[in-house]
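Grab a notebook and load the model in your viewer. Try each exercise yourself before you read the worked solution.

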Amino acid sequence: MSAFELLGFGEKGWGALLLQATAMTLAVTLTAFFFGGVFGAVVARGKLSDSMVARVAGDVYTTVLRGVPDLLVIYLLYFGGSQLLSSLYRLVTGETGFIGINAFLTGAMAVGVVSGAYQAEVFRGAYLAIPRGEIEAARSVGMSGWTLFHRIVLPQVLRFAIPGLGNVWQLALKESALISVTGLVELLRQSQVASGSTRQPFVFYSAAAVLYLVLTSVSTWTFNKAESTAMRGVRRA
Amino acid sequence: MDFAFYSEVIWRLLGGLPMTLNIAFVSVAVGGLFAVGLALMQESGVAPLVWISRAYVFVFRGTPLLVQMFLIFYGLSQFPEIRASWAWTYLRQPYFCAVLALAMNTAAYTAEILRGGLQSVPFGQIEAARACGMSRVTLYRRVVLPIAVRQALPAYGTELILMVRATALASIITIMEITGIAQKINSETFRAIEVFVCAGVIYLAINFLLSRVVMALEHWLTPHLRAMPHEQLLAKVGDKL
């Protein structure tokens with residue numbers, strides 16, 4: 001069979017499965033990025049806090065997760081998670097057994113905690129980019145707490161964070177390929193399966209590379225668009 | 001806590017340290033050479049060279065490293081012509097493929113970092129050097145490269161740390177470096193948390209040392225940003241007062 005037929009949508013073509021797997025890659029990355037956003041926001045808050053403990057905790061989080069291989073984090077959550085659950089199961093029921101855990105959620109969580117470390121730095125930088133005067137002005141008109149945060153801080157943090165978030169998103173997209181080690185059928189895993197059963201690894205890994213390129217290029221375009229939209233009210237030299 | 005188990009795991013994992021360092025060092029060195037080539041191609045102004053270099057950077061930065069590694073290690077073996085050629089002696093070895101993939105990958109990122117560094121050199125400095133009559137080589141050696149390297153160093157430090165992290169992927173194509181050994185111990189003992197935490201500590205130590213080295217290098221290369229000796233002395237005295 002020619003490469004064209006192999007990648008096509010015919011009876012023996014893998015096209016539909018590869019597209020499905022691409023959608024899975026996108027889904028798992030979106031979930032991971034969302035988890036990362038939550039962790040990142042909390043950690044950034046800690047790093048900017050007045051409390052010494054919170055600052056140190058935030059620094060430890062970002063240092064550790066940016067210094068340890070992402071693959072190791074995936075292994076830790078995937079195998080460690082089922083180790084924990086299995087021992088809980090033994091405690092509760094008294095029987096031994098192995099409990100597997102959901103590959104999608106674990107994978108998204110693993111990529112998410114790593115992404116959170118990078119997003120924390122992005123949010124922190126974006127927060128520090130807000131002119132102090134704006135916050136003082138908001139305080140002087142009597143805004144406080146939540147009002148100040150969602151009217152003044154949040155819109156500007158998001159605006160300044162867009163370029164950095166774009167980079168972190170690309171990292172997460174590429175890191176999502178590592179989730180294939182847990183058996184989740186995303187783009188790389190699907191190409192592995194297809195390579196195995198057709199013995200045409202070059203064709204399928206190239207196809208995967210092209211699909212990843214499409215994903216990263218569309219992301220670049222989207223983030224550029226978002227940046228210019230968010231910056232439309234800012235005068236620049 | 002089971003200290004005997006921890007110390008046994010750490011010792012076994014440290015057995016993979018030479019391989020991890022070896023892969024990281026060789027691929028950073030080879031990738032650095034590729035990167036210089038790529039950056040020079042982009043700066044050359046010759047259209048086909050610029051185009052090739054840009055395409056290379058686009059492809060290698062836009063796809064996951066693991067896909068690149070699989071393409072080299074499994075993908076190339078699809079062709080009987082390659083299996084029959086001299087290249088097969090190398091391309092069949094997981095070590096060679098892992099290093100090649102890592103080197104080609106880091107080359108793309110490093111080329112961009114280098115290009116950023118080269119572009120950060122103020123044009124006035126180059127003009128001034130030319131006005132003094134420096135030749136192209138002297139100009140690069142005395143003016144352009146020192147400024148570019150200094151400018152690129154922080155970003156390159158980050159890239160080095162990313163490379164140390166990326167060596168873990170070599171374990172997926174069967175190389176027994178730290179992560180490979182950790183995975184093996186995990187499958188023997190089913191004590192995933194302890195094993196992977198120990199492995200994480202080793203990587204963290206490597207990257208901590210690495211970041212210190214880069215910081216020291218930065219300090220050494222930026223004497224103009226440090227306080228003058230008498231200012232440092234004053235600062236010290238000031239602390240005591």
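Here are three exercises on this predicted model, each with its solution.

**Exercise 1. Work out how chain A and chain B meet: how many residues are in contact, and what area is buried between them?**

Step 1: Start with the head count. On chain A, 38 residues are in contact with 38 residues of chain B.

Step 2: Now the area. About 3100 Å² is buried between the two chains, and carbon and sulfur atoms give 74% of that.

Step 3: Look for charge pairs. The rule finds one salt bridge across this interface. Its partners are Arg165(B) and Asp70(A), whose closest N and O atoms are 3.9 Å apart. That pair counts because the cut-off for a salt bridge is 4 Å.

Step 4: Add the polar contacts, which come to 13 residue pairs between chain A and chain B, both residues at pLDDT 80 or more.

Step 5: Sort the chain A side by element. Two or more residues each come from α3 (52-67), α4 (70-93), α5 (103-128), α7 (145-175), α8 (187-198) and α9 (201-230) of chain A. α9(A) gives the most, with ten residues.

Step 6: Sort that side by class, and you get 23 nonpolar, ten polar and five charged residues.

**Exercise 2. Describe the second largest pocket: what is its volume, and which residues are closest to its centre?**

Step 1: The volume of this pocket is about 690 Å³.

Step 2: The lining holds 24 residues, and the ones closest to the centre are Arg45(A), Leu48(A), Tyr127(A), Phe149(A) and Val153(A).

Step 3: Trace the lining back to its elements. In chain A, α2 (15-47), α5, α6 (132-140) and α7 give two or more residues each. The largest share is that of α7(A), with eight residues.

Step 4: Tally the classes, and the pocket lining splits into 16 nonpolar, four polar and four charged residues.

**Exercise 3. Hunt for enclosed space: how many cavities of 30 Å³ or more are there, and what lines the largest cavity?**

Step 1: The count by this rule is one cavity of 30 Å³ or more. The largest cavity holds about 30 Å³ of space.

Step 2: List the lining, namely Val114(A), Ser115(A), Tyr118(A), Val168(A), Leu171(A), Ala172(A) and Glu175(A).

Step 3: Map those residues onto the helices. Both α5 and α7 of chain A supply at least two, and α7(A) has the largest share with four residues.

Step 4: Finish with the classes. Five of the lining residues are nonpolar, one is polar and one is charged.

Key: Residues are numbered from 1 along each chain as its sequence is written. Chains are lettered from A and ligands numbered from 1 in the order in which they are written. This is a predicted model: local features need pLDDT of at least 70, side-chain atom pairs count only at pLDDT 80 or more; totals for chains, interfaces and linings use all residues. Side-chain values use heavy atoms; hydrogens and water are left out. Contact means heavy atoms within 4.5 Å. Buried area is the accessible area (1.4 Å probe) that two parts lose on being put together, summed over both. A salt bridge is a side-chain nitrogen of Lys or Arg within 4 Å of a carboxyl oxygen of Asp or Glu. A polar contact is a pair of N or O atoms within 3.5 Å; within protein, one must be able to donate a hydrogen and the other to accept it, and residues adjacent in sequence count only if both atoms are side-chain atoms. Ala, Val, Leu, Ile, Met, Phe, Trp, Tyr, Cys and Pro count as nonpolar, Asp, Glu, Lys and Arg as charged, and the others, Gly among them, as polar. On a 1 Å grid over the protein atoms alone, a cavity is a set of points where a 1.4 Å probe fits but cannot get out, and a pocket is an open set with protein on both sides within 12 Å along at least five of seven lines; lining residues have an atom within 4 Å of a point. Grid points are joined across faces, edges and corners, and a volume is the space filled by probe spheres set on the points.
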